[in-house]
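The exercises below are to be worked with the sequence and the coordinates side by side. Each task is followed by a solution that proceeds step by step.

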Amino acid sequence: MNDNLNFYHKTVLINETINLLNVKKSGVYVDATLGGGGLSQKILDRLGNQGKLISIDVDQDAIDYCKQKFNSDSRIQIFHSNFIDLDKILDSLKINSVDGICMDLGVSSHQIDCPERGFSYMKDAPLDMRMGKTGKSAYDVVNFTEEEKLSAIIWKYGEEKFSKLIAKSICKSRKLKKIETTFDLVNAIEKVVPKYKFGHSAKKTFQAIRIYVNNELENLDIALDKCIKLLNTNGRLLVLSFHSLEDRIVKQKMQFWAKKCVCPEKSPVCICNKKQEAILLNKKVITANETEIENNPRSKSAKLRVCQKI
Ligand SMILES: C[S@@+](CC[C@H](N)C(=O)[O-])C[C@H]1O[C@@H](n2cnc3c(N)ncnc32)[C@H](O)[C@@H]1O
């Protein structure tokens with residue numbers, strides 16, 4: 001096993017995240033997206049002997065890697081699961097509430113760098129993109145989704161303005177031969193999308209298919225609602241997102257929790273019965289500085305939001 005902390009994944013905004021989590025020595029914390037365990041390691045560094053860390057990942061590779069990495073540390077319990085089941089996991093441990101939850105969304109560098117996982121438009125491999133390695137793969141979506149729906153997926157999850165043309169080109173290509181590899185998909189896209197000045201012409205489509213295959217936005221929406229319920233008073237939720245679709249969901253949820261009232265502005269008295277659930281710890285979103293972006297280009301799109309339950 002490679003012990004280099006950055007071998008599996010270089011954690012983005014790690015100092016900001018760990019400082020804002022405000023780890024108490026005997027606290028109970030959740031790392032909902034374990035990955036290579038970079039953030040879990042930082043939490044463990046600050047936890048005392050009585051502290052607990054519950055770390056989750058849907059990807060068996062992350063679980064295998066981290067079980068070996070944290071082998072002898074009894075403070076951490078590792079679960080191969082989707083974070084939408086966080087409530088069930090805590091139930092199974094007889095834990096009602098926790099002091100902090102972190103979510104570092106999206107894919108790890110390991111997932112992107114392993115060609116056989118089929119996430120990358122830069123490496124030729126069977127089309128897959130499943131973080132959990134089960135269910136419908138990118139191959140199924142690309143080859144068996146009707147054109148109109150495919151176009152809607154590419155538009156909704158990739159915000160790709162050429163979505164209609166791309167869906168048409170995919171459907172034309174797959175009539176001749178199934179789209180089996182990442183490069184088959186790139187070829188179908190490049191037939192209709194002009195070379196972008198910035199970024200690869202397949203970037204947005206790959207993002208869209210990946211988000212759809214892994215149900216990423218719906219999972220995030222469900223999980224956030226569970227997280228706020230599972231926090232202790234003064235417990236903190238930190239979410240690191242990497243594209244505007246994710247960030248919008250996080251921002252809207254946190255802003256909603258921070259509101260005392262959601263009545264229409266003109267309403268003379270409050271009738272909504274809304275209770276403020278949290279305060280926002282960073283009114284302005286936290287992003288990576290130039291040095292971090294230079295050292296880790298993946299951090300360029302990172303946005304960290306933090307709230308504290310009241
Ligand atoms: C950006 S990486 C996390 C990196 C980690 N913070 C570190 O320091 O190494 C995101 C991880 O979240 C996992 N993941 C994504 N969606 C998930 C979900 N719904 N449930 C559980 N894990 C998920 C991915 O499999 C991936 O390993």
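**Exercise 1.** Determine how many bridges join strand β1 to β4, and in which direction the two strands run relative to each other.

*Solution.* In this predicted model, strand β1 covers residues 28-31, and three bridges join it to β4, the two strands running parallel. Within this pairing, V30 stands opposite I101 of β4. Widening the view to the sheet, one finds seven strands in the order β3-β2-β1-β4-β5-β7-β6, which form an open sheet with mixed pairing. The edges are taken by β3 (76-80) and β6 (278-280), each of which pairs on one side only. From one strand to the next, the twist averages 15°.

**Exercise 2.** Establish which strands helix α3 and helix α12 lie across.

*Solution.* Begin with helix α3 (residues 60-69), which lies across β2 (52-57) and β3 and runs at about 155° to β3. Turn then to helix α12 (residues 244-258), which lies across β5, β6 and β7 and runs at about 25° to β7.

**Exercise 3.** Identify the buried residues of helix α1 and find what covers them.

*Solution.* In helix α1 (residues 14-21), the buried residues are E16, T17, I18 and L21. Their cover includes α2 (38-46), β4 (98-104), β5 and β7 (303-309). After the helix comes N22, which has a positive phi, near 55°.

**Exercise 4.** Decide whether N234 is buried, partly exposed or exposed, and locate its contacts.

*Solution.* First place the residue: N234 belongs to strand β5, residues 231-241. Next count its surroundings: 13 other C-beta atoms lie within 10 Å of N234, and since a buried residue needs 20 or more and an exposed one has 12 or fewer, N234 is partly exposed. Finally, setting aside neighbours within four places in sequence, N234 is in contact with Q308 and K309. C307 is 73 residues away from N234 in sequence, yet their C-alpha atoms are 9.2 Å apart in space.

**Exercise 5.** Classify the packing of helices α7 and α10 by the angle between them, and describe the residues that make the contact.

*Solution.* Helix α7 (residues 147-158) and helix α10 (residues 203-213) pack at an angle of about 95°, and their axes are 8 Å apart. Because angles of 65 to 115 degrees count as roughly perpendicular, α7 and α10 are roughly perpendicular to each other. On the α7 side the contact is made by I153, I154, Y157 and G158, and on the α10 side by K204, T205, Q207, A208, I211 and Y212. Sorted by character, the residues of this contact comprise six nonpolar, three polar and one charged.

Terms used:
Residues numbered from 1 in each chain as written. Predicted model: local features only at pLDDT ≥ 70, side-chain atom pairs only at ≥ 80, totals over all residues. Helix = DSSP H or I, 4+ residues; strand = E, 2+ residues; numbered from the N terminus. Contact = placed C-beta atoms within 7 Å. Axes fitted to C-alpha atoms, helices over the stretch in contact; angles between N-to-C directions. Parallel < 35°, antiparallel > 145°, perpendicular 65-115°, else oblique. Nonpolar A, V, L, I, M, F, W, Y, C, P; charged D, E, K, R; others polar. Pairing = 2+ DSSP bridges.
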